[in-house]
Amino acid sequence: MWVWALLPIAMAMIGTIGFWAVFGMAVSNGSVNLTQEFPYISTCGTQTPQSCVFAQILSIGALMVVWIVLIRFQQLRDCGYACRANTASLVLGLVCALGCSIVGNFQQSAVMQVHLLGAFLAFFVGVAYFWIQVYLTYSTACCPGGGRWLGPVRIMLCCLCTVLIITMSVLHNQDYRSAAAGCEWGAATAFFLLFALFAEDFRYVDCHQYHVQNGQRAKGTPQEMTSTATTAPTA
């Protein structure tokens, strides 16, 4: 069902447009000065009023990441891949979403250490999540239509994202702030593209639903929440 393919695309578009909107607000009201240095994403979103937009964008994005991660996990499990790699990807994806929420709600001007923790969870844990997705792409057959090009594109973007994150960390420690900030913007863009690639996988999701299954209370059976993500058959 093509409608599920819109979810990762919407997430990527909201994040990209939102970040550049925050950048435009910060430049227009003088919160950042481009003649001095190119700003980090968080620097653009640390002052009001753009800090409110920044927090909202990342909060919505974190929620959408959770949704995407859960659908992808269930899709692979319903295809018969209830393996440790799939479970690990679920945990890493949820931690990445938590990091996004922390970055947005703990601005660097207020609580720097917590903000940096969120950035670590979002970037470093996030790239680990997508490397596992590369492995799962070649280990599963839930997406036969995009199998030929999806894997190489994921590898390319994961390599790019990994290089940019490492380079950003090195340049930041060497006090090359503008160059490090450029790497951060590039890494964020690569992340959005990686999430957008799930649109190809989700084209094969025919149904997605969550429900609570009531156990027999007389026997002390607890309530169990289950989920399904039915993959449409392919010709």
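This report describes salt bridges, cysteines and some surface residues in a predicted model.

**Salt bridges**

By the distance rule used here, the count comes to four salt bridges, and three of the pairs can be set side by side in a small table.

| Pair | Closest N to O distance |
|---|---|
| Asp201 and Arg72 | 3.4 Å |
| Arg154 and Asp201 | 2.5 Å |
| Arg203 and Glu200 | 2.9 Å |

The side chains of Asp201 and Arg72 meet in a salt bridge, and this pair links distant parts of the chain, since Asp201 belongs to helix 8 (residues 198–202) and Arg72 to helix 3 (residues 50–78), 129 residues apart. Asp201 counts as buried because its relative accessible area is 1%, and Arg72 is likewise buried, with a relative accessible area of 1%.

Asp201 also forms a salt bridge with Arg154. Because Arg154 lies in helix 6 (residues 147–173) and Asp201 in helix 8, this pair ties together parts that are 47 residues apart in sequence. Both Arg154 and Asp201 are buried.

In the pair formed by Arg203 and Glu200, Arg203 counts as partly exposed because its relative accessibility is 40%, whereas Glu200, at 11% relative accessibility, counts as buried. Salt bridges that share partners join Arg72, Arg154 and Asp201 into one network.

**Cysteines**

How many disulfides does a search of the whole structure find? The search finds zero, and the distances between sulfur atoms help to show why for two of the cysteines, given that a disulfide requires two cysteine sulfur atoms within 2.5 Å. For Cys159, the closest cysteine sulfur is in Cys158, at 7.1 Å, which is too far for a bond. For Cys161, the closest cysteine sulfur is again in Cys158, this time at 7.2 Å, which is also too far for a bond. As for their surroundings, Cys159 counts as partly exposed, at 36% relative accessibility, while Cys161 is buried, with a relative accessible area of 0%.

**Residues at the surface**

Val3, Leu6, Ile9, Met13 and Ile17 form a nonpolar patch on the surface, and together they have about 430 Å² of accessible area. One of these residues, Ile17, lies in helix 1 (residues 6–28), and Ile17 counts as exposed because its relative accessibility is 57%.

Leu193, for its part, is found in helix 7 (residues 177–196) and counts as partly exposed, at 45% relative accessibility. Although Leu193 and Leu157 are 36 residues apart along the chain, their C-alpha atoms are separated by 7.8 Å.

Methods. Residues numbered from 1 in each chain as written. Predicted model: local features only at pLDDT ≥ 70, side-chain atom pairs only at ≥ 80, totals over all residues. Heavy atoms only, no water. Patch = residues over 30% accessible without salt bridge, like charges linked within 9 Å, V, L, I, M, F, W, Y side chains within 5 Å. Areas by Shrake-Rupley, 256 points an atom, 1.4 Å probe, with all protein chains shown as cover. Helix = DSSP H or I, 4+ residues; strand = E, 2+ residues; numbered from the N terminus. Buried < 20%, exposed > 50% of the residue type's maximum accessible area, 1.4 Å probe, protein only.
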